[in-house]
Amino acid sequence: MADPAAAPVDVTDVVFGGVRVRKPVAVALGCAVVAAVALVLGFSVGGKGEDPTPWVERVSSVIGWGYFACWSMSFYPQIYLNWVRKTVDGMSFDFQLLNVTGFVGYALFNVGYYYSDAVREDYCKAYAAPGDGACRTPGVRANDVFFSLHGLALSSVPVAQIFVYGQGSQRFHPAVAAAVACAAAFFTGWAVYLAAAGGRYPGAAPAFPAGGGGWAARPTSCATRGRGWTSSQG
């Protein structure tokens, strides 16, 4: 029996794993996957109450997970192609190295703003509403965190494939390698600096009153996590 992937491929066909699929069907399947991910995760993964009304937060969540699905799909074809060919010929080494470096910074940003009460408290104080001091918290959502971590993991795979399959005649550009080394040194130095300061900018007020209590013990001027301006009274 003839191999379907060995026959000439029409421009309207998509071949994946030896299976030929008509391009309109492939596009429809891709849209269905995006819609399914957006709806399932958008309605099942709870937020932190960033929006003042539940339906606004839910719509925002669905759209956010939709962008996660659309963008995340772009990582897989290059990884799959490298794996099938067992080579990285033709792939831009510099782009892959810069891409993973960017995702390191993006993941640190999102994780810090989403999970760190100290960071969120500092943000609240820095952007308190004039007059009543109402709180405004970062707009980072769960889908932002998941996308950045997922992107970091997948963007690391092509870089690993470079060393697994061999570089051939291609090399990293010295300027790009130097820029990435500087970025790595900056991330490391900044992490050490913050760790020495107890995880906060030196001179910043404590995130919570003495005795702990977590986010619930924050000052009344930062009494809500609502996105946008919200009154701390009442």
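**Exercise 1. Classify Lys86 by its exposure and describe its place in the chain.**

Solution. Lys86 has 46% relative accessibility, so it counts as partly exposed; buried means under 20% relative accessible area, exposed over 50%, and partly exposed in between (1.4 Å probe, protein chains only). Next, locate the residue: Lys86 sits in the loop between helix H3 (76–85) and helix H4 (93–115). Helices (H or I, at least four residues) and strands (E, at least two) are DSSP runs, numbered from the N terminus. Last, check the backbone: phi of Lys86 is near 55 degrees, a positive value in a residue other than glycine.

The model is predicted: local features need pLDDT of at least 70, side-chain atom pairs count only at pLDDT 80 or more, and totals for chains, interfaces and linings use all residues. Residues are numbered from 1 along each chain as its sequence is written, and side-chain values use heavy atoms, with hydrogens and water left out.

**Exercise 2. Find what surrounds the charged side chain of Asp144.**

Solution. Start with the position: Asp144 belongs to helix H6 (residues 142–165). Then look for a salt bridge, defined as a side-chain nitrogen of Lys or Arg within 4 Å of a carboxyl oxygen of Asp or Glu. Asp144 is buried and has none; Arg141, the nearest side chain of opposite charge, is 5.7 Å away. For charge, Lys and Arg count as positive and Asp and Glu as negative, while His and the chain ends are not counted.

Now turn to other polar partners. The side chains of Asp144 and Tyr67 are joined by a polar contact of 2.9 Å. Such a contact is a pair of N or O atoms within 3.5 Å; within protein, one must be able to donate a hydrogen and the other to accept it, and residues adjacent in sequence count only if both atoms are side-chain atoms. A polar atom of the Asp144 side chain also lies 2.8 Å from the backbone nitrogen of Arg141.

Finally, list the contacts (heavy atoms within 4.5 Å). Beyond its neighbours within four places in sequence, Asp144 touches Tyr67, Tyr106, Asn110 and Gly139.

**Exercise 3. Test the length of H4 and identify what covers its buried residues.**

Solution. The expected span of a helix is 1.5 Å times one less than its number of residues. For the 23 residues of H4 this gives 33 Å, and the end C-alpha atoms are 33 Å apart, so the two agree. The buried residues of H4 include Phe93, Leu97, Phe103 and Asn110. Their cover includes H3, helix H5 (117–126), H6 and helix H7 (174–196).
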